[in-house]
Amino acid sequence: MSKKIAILGSTGSIGLSTLKVVQKLKPAFQVTGLTAYRNAKELARQVRLFRPKVAAILDWKFFPDLKALTKGTPTQILAGEEGLVAVAAESGADLVLSAIVGAAGLKPTLAAIQKGKDIALANKETMVMAGEVVTRAARKSGSKILPVDSEHCAVFQCLAGSSSPKEIHKIILTASGGPFRNLDKKHFPKITRKDALNHPTWRMGPKITIDSATLMNKGLEVIEAHFLFNTPFEKIDIVIHPESIIHSMVEYIDGSVLAQLGTTDMQIPIQYAMTYPARGNSPVERLDLAQVGRLQFEKPDRKKFPCVDLAYEAGKKGGTYPAVLNAANEVAVGRFLNDEIPFTRIPTIISNTLRKYRPLTNGTLDGILRADHWARQEASKIS
Ligand code: NAD
Ligand code: MG
């Protein structure tokens, strides 16, 4: 019998890679739900090809287009946030692949968790904002959260066979270092949108590509790892590894270090989350270490990339601080992508927003959403 999968954010980079994996694993998977933000044309193409039970577009403006383009298919077409939540929770999926970018992924992902669906999690912002709420809900409903983020998928695999969290000495997340690893800080004010969108090893959506250039992506991943693996921040380290061959490591208390390696293709972690605990054949490019030749490692430059410390700081403070960090980052990245602010303002805006924050709200879902809202307004105002 085939496994039923719903894909939230199916028109994005991860969404498209997931659909490729689905096609390769046919007939083991059946798509029951798909969602997109505004790209009705691509979503309609997917609906015609995969014939899910339901598909939803966030922006109501594109609902008539999507309806028209999917005429004659058996798929029920929905829109708005309720539509996305319905795809996540009501499409009859066994597994929900969460690949919306940003805080917009939280509500649908949480709805799927509350329904006891297993989650293949790419949308790290959900875990950063609401790690406690999400992990608590998963424990209650019995939903498994399987990491898709390549580093966390690596850690997840390196942890297999470990009998107790006490055996972990350290989680070591690798980072490519982004396009500005070797650029002198004095040139940072001149960085353009195009420079920042040019990632050396991965092809991804624009938001995460900018996060990789500021190293905030690694900061968010530290918080993601903290919640996913229930590990204190003191035991999560970052090492720069420009080849992106080792996807992350776990160091055990006896001095053994386990690493997971592979080519830079997100289809590998996506497929593992889909087939877990089994492994399926995949025609991805094979790793040829002799051809790679050398693997390099260095410490991250925390002065050049202040986002790393901002993330550790917010993570350690806990409560609603990570939600504020995430929201301020989303706004700052959006403003940089709109050519409103220079690259160097991104960490300053996040830092100023965090400094101004007085946590009046607690870590409930409502409190998190209010903190997110406050941080967005604040980060939009800072010039
Ligand atoms: P993307 O921009 O390519 O795609 C985002 C998807 O979300 C699209 O389908 C879009 O329609 C949808 N979307 C965007 N805004 C939305 C909104 N407000 N409401 C509802 N839907 C919305 O992004 P991506 O690179 O595929 O990344 C998706 C998530 O996966 C991010 O959280 C990212 O950090 C994470 N991730 C991506 C990669 C990668 O290789 N691309 C790797 C690891 C983790
Ligand atoms: Mg990653």
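Ile341 sits in the loop that runs between helix 14 (321–337) and helix 15 (345–356). In this predicted model, Ile341 is buried, because its relative accessible area is 7%, under the 20% cut-off for that class. Its C-alpha lies 7.8 Å from that of Ser383, although 42 residues separate Ile341 and Ser383 in sequence.

Helix 15 also takes part in a salt bridge. The side chains of Glu313 and Arg355 meet there, with 3.1 Å from N to O. Glu313 belongs to helix 13 (residues 307–317) and Arg355 to helix 15, so this pair ties together parts that are 42 residues apart in sequence. Glu313 is partly exposed, with a relative accessible area of 31%, and Arg355 is partly exposed as well, at 41%.

Let us stay with charged pairs for a moment. Side chains of opposite charge can pair when their charged atoms come close. A search of the whole structure finds 22 salt bridges. One of them joins Lys218 and Glu151, whose closest N and O atoms are 2.8 Å apart. Because Lys218 lies in helix 10 and Glu151 in helix 7 (residues 150–158), the pair links parts that are 67 residues apart in sequence. Lys218 and Glu151 are both buried. They also belong to a network of salt bridges that includes Lys124, Asp149 and Glu221.

A salt bridge can also sit within one helix, as Glu42 and Arg45 show: both lie in helix 2, three residues apart, or about one turn of the helix. Their closest N and O atoms are 2.8 Å apart. Glu42 counts as buried, at 15% relative accessibility, whereas Arg45 is partly exposed, at 38%.

Now turn to ligand 1. Its shell holds 24 residues, and the closest are Thr11, Ser13, Ile14, Glu125 and Gly205. Helix 1 (13–25), helix 6 (124–141) and helix 9 (206–214) each supply at least two residues of this shell. By class, the shell has 14 nonpolar, seven polar and three charged residues. Oxygen atoms of the ligand have several polar partners: a polar side-chain atom of Glu125 at 2.7 Å, a polar backbone atom of Tyr37 at 2.9 Å, and a backbone N or O atom of Gly12 at 3.0 Å. Taken alone, ligand 1 exposes 820 Å², and the protein buries 89% of that.

The backbone has some details to look out for too. Most residues other than glycine have a negative phi, and most peptide bonds are trans. Leu215, in the loop between helix 9 and helix 10 (216–228), has a positive phi near 70 degrees, and Leu215 is buried at 4% relative accessible area. Arg51 has a positive phi of about 45 degrees; this residue lies in the loop between helix 2 (40–50) and strand 3 (54–57) and is partly exposed at 47%.

Two cis peptide bonds can be found as well. The bond from Lys26 to Pro27 is cis, with omega near 5 degrees, and Pro27 lies in the loop between helix 1 and strand 2 (29–36). Another cis bond joins Tyr276 and Pro277, with omega about 5 degrees; Pro277 is in the loop between helix 11 and helix 12.

That loop between helix 11 (267–275) and helix 12 (289–292) also holds Leu287, which is partly exposed at 31% relative accessibility. Leu287 joins Leu261, Leu289, Val292, Leu295 and Phe297 in a nonpolar surface patch, with about 430 Å² of accessible area together.

Definitions and conventions. Residues are numbered from 1 along each chain as its sequence is written. Chains are lettered from A and ligands numbered from 1 in the order in which they are written. This is a predicted model: local features need pLDDT of at least 70, side-chain atom pairs count only at pLDDT 80 or more; totals for chains, interfaces and linings use all residues. Side-chain values use heavy atoms; hydrogens and water are left out. Patches are made of residues with over 30% relative accessible area and no salt bridge: like charges are joined within 9 Å, nonpolar side chains (Val, Leu, Ile, Met, Phe, Trp, Tyr) within 5 Å. Accessible areas come from the Shrake-Rupley method with a 1.4 Å probe; for residues, only the protein chains shown count as cover. A salt bridge is a side-chain nitrogen of Lys or Arg within 4 Å of a carboxyl oxygen of Asp or Glu. Helices (H or I, at least four residues) and strands (E, at least two) are DSSP runs, numbered from the N terminus. Buried means under 20% relative accessible area, exposed over 50%, partly exposed in between (1.4 Å probe, protein chains only). A residue is near a molecule or strand if one of its heavy atoms lies within 4 Å of it. A polar contact is a pair of N or O atoms within 3.5 Å; within protein, one must be able to donate a hydrogen and the other to accept it, and residues adjacent in sequence count only if both atoms are side-chain atoms. Ala, Val, Leu, Ile, Met, Phe, Trp, Tyr, Cys and Pro count as nonpolar, Asp, Glu, Lys and Arg as charged, and the others, Gly among them, as polar.
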